[in-house]
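Q: Could you take me through one part of this structure slowly, as you would for someone in their first year? I would like to see what surrounds that part and how it fits into the rest of the chain.

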Amino acid sequence: MNDLRSAILMFLVFTIICGGAYPAVVTGVASAVFPRQAAGSFITGADGKEAGSALIGQPFSAPQYFWPRPSATTDFAYNPMASGGSNAGPTNPDFIKTVGDRVASLRTTGVTGPIPADLALASASGLDPHITPAAARLQIPRIATARRLDEGAVAALLSRSVEGRQMGFLGEPRVNVLMLNLALDRLKP
């Protein structure tokens with residue numbers, strides 16, 4: 001009986017500490033130190049409404065926008081409740097067909113030459129909001145034509161939108177597709 005009482009008491013103590021006190025402290029510190037990130041890193045569009053999060057990819061497919069990295073989430077693309085990759089290996093016939101379809105789709109827009117991997121392959125989370133500068137540059141002719149803009153103007157906007165390595169040495173330069181598309185709308189809606 002003593003063991004049962006001790007077990008119940010330990011269960012209650014650890015539930016209060018791990019299930020209540022610790023999460024409350026972490027949430028409070030995060031909200032105080034990183035208020036924007038703790039609130040979801042939302043980006044406001046030109047109309048003053050929240051356009052999305054800087055941390056989660058958005059589905060853009062219209063020719064006048066930069067297209068993001070493909071999403072492999074279930075139910076619908078960029079579903080934040082179903083984050084995850086396809087887990088299909090490079091020899092899986094379904095994977096090969098999916099990548100082939102993505103490449104063929106890009107080719108129909110006039111893309112020639114090598115296609116950066118991030119335009120044909122989904123990320124591990126399926127929610128990646130960034131693409132490489134090379135993947136963005138590949139889309140400039142399509143966007144300039146669709147918006148009736150000079151390719152140089154779109155390229156200049158892109159070069160201003162490139163984010164460097166985190167802390168100067170982590171990762172690779174990247175472009176947040178949502179922020180770039182919002183800047184594109186400000187340039188010419």
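A: Happily! Let's take helix α7 as our part, and start with its surroundings: the cover over the buried residues of α7 includes the strands β1 (42–44), β2 (50–53), β3 (130–131) and β5 (174–176), together with the helices α5 (140–147) and α6 (151–161). Please keep in mind that this is a predicted model.

Which residues of α7 are buried? The helix spans residues 177–187, and its buried residues are Val177, Leu178, Leu180, Asn181, Leu182, Ala183 and Leu184. At the N-terminal end of α7 sits a cap: Asn176 places a side-chain oxygen 3.2 Å from the backbone nitrogen of Leu178.

Now let's visit two of the helices that help cover α7, beginning with α5. Ile143 belongs to this helix. Is Ile143 buried or exposed? Its relative accessible area is 0%, and because buried means under 20%, Ile143 is buried. Leaving out residues up to four places away in sequence, Ile143 touches Pro63, Gln64, Tyr65, Phe66, Val154 and Leu184. You have met Leu184 already, as one of the buried residues of α7. Val154 is another partner worth finding on your screen: Ile143 and Val154 are 11 residues apart in sequence, and their C-alpha atoms are 7.9 Å apart in space.

The next stop is α6, where you will find Ser161. With a relative accessibility of 18%, Ser161 counts as buried. Which residues does Ser161 touch, if those up to four places away in sequence are not counted? They are Arg174, Val175 and Leu180. Leu180 takes us back to α7, where that residue is buried.

From here we can step away from α7 and look at some loops. In the loop between β4 (162–163) and β5 is Met167. Met167 has a positive phi of about 55°, although it is not a glycine. Met167 counts as exposed, with 68% relative accessibility.

The loop between β2 and α3 (93–108) gives us a pair of residues to set side by side. Ser71 is found in this loop, and so is Asp75, in the loop between β2 and α3. Ser71 is buried, with a relative accessible area of 15%, whereas Asp75 counts as exposed at 74% relative accessibility. Asp75 also has a positive phi, near 70°, in a residue other than glycine.

What does the side chain of Ser71 reach at 2.9 Å? The partner is the backbone nitrogen of Tyr78. The side chains of Ser71 and Thr73 are joined by a polar contact of 3.1 Å. If we set aside neighbours within four places in sequence, Ser71 is in contact with Ala77, Tyr78, Arg102, Ala122 and Gly126. Arg102 falls in the residue range of α3, which is 93–108.

Let's now zoom out to the whole chain. The chain has 7 helices and 5 strands. From the N terminus, their order is α-α-β-β-α-β-α-α-α-β-β-α. The radius of gyration is 22 Å, well over the 16 Å that the globule rule gives for 189 residues, so the chain is more spread out than a compact globule. The box filled by the C-alpha atoms, taken along the principal axes, is roughly 80 × 45 × 35 Å.

Helix α1 (residues 2–33) is home to Leu12. At 45% relative accessibility, Leu12 counts as partly exposed. How far from Leu12 is Pro80, which lies 68 residues away along the chain? Their C-alpha atoms are separated by 33 Å.

A few totals complete the tour. Of the 189 residues, 31% count as buried. Among contacts with a separation of 6 or more, 54% join residues 24 or more positions apart. The chain exposes about 11600 Å², and carbon and sulfur atoms supply 64% of that area. There are 16 positive and 13 negative side chains, with the centres of the two sets 5 Å apart.

To return to where we began, keep two links in mind: Ile143 touches Leu184, and Ser161 touches Leu180. Both Leu180 and Leu184 are among the buried residues of α7.

Definitions and conventions
Residues are numbered from 1 along each chain as its sequence is written. Side-chain values use heavy atoms; hydrogens and water are left out. Helices (H or I, at least four residues) and strands (E, at least two) are DSSP runs, numbered from the N terminus. The radius of gyration is taken over C-alpha atoms; the globule rule is 2.2 Å times the number of residues to the power 0.38. Buried means under 20% relative accessible area, exposed over 50%, partly exposed in between (1.4 Å probe, protein chains only). Contact means heavy atoms within 4.5 Å. Accessible areas come from the Shrake-Rupley method with a 1.4 Å probe; for residues, only the protein chains shown count as cover. Lys and Arg count as positive and Asp and Glu as negative; His and the chain ends are not counted. The place of a charge is taken as NZ of Lys, CZ of Arg, CG of Asp or CD of Glu. A polar contact is a pair of N or O atoms within 3.5 Å; within protein, one must be able to donate a hydrogen and the other to accept it, and residues adjacent in sequence count only if both atoms are side-chain atoms.
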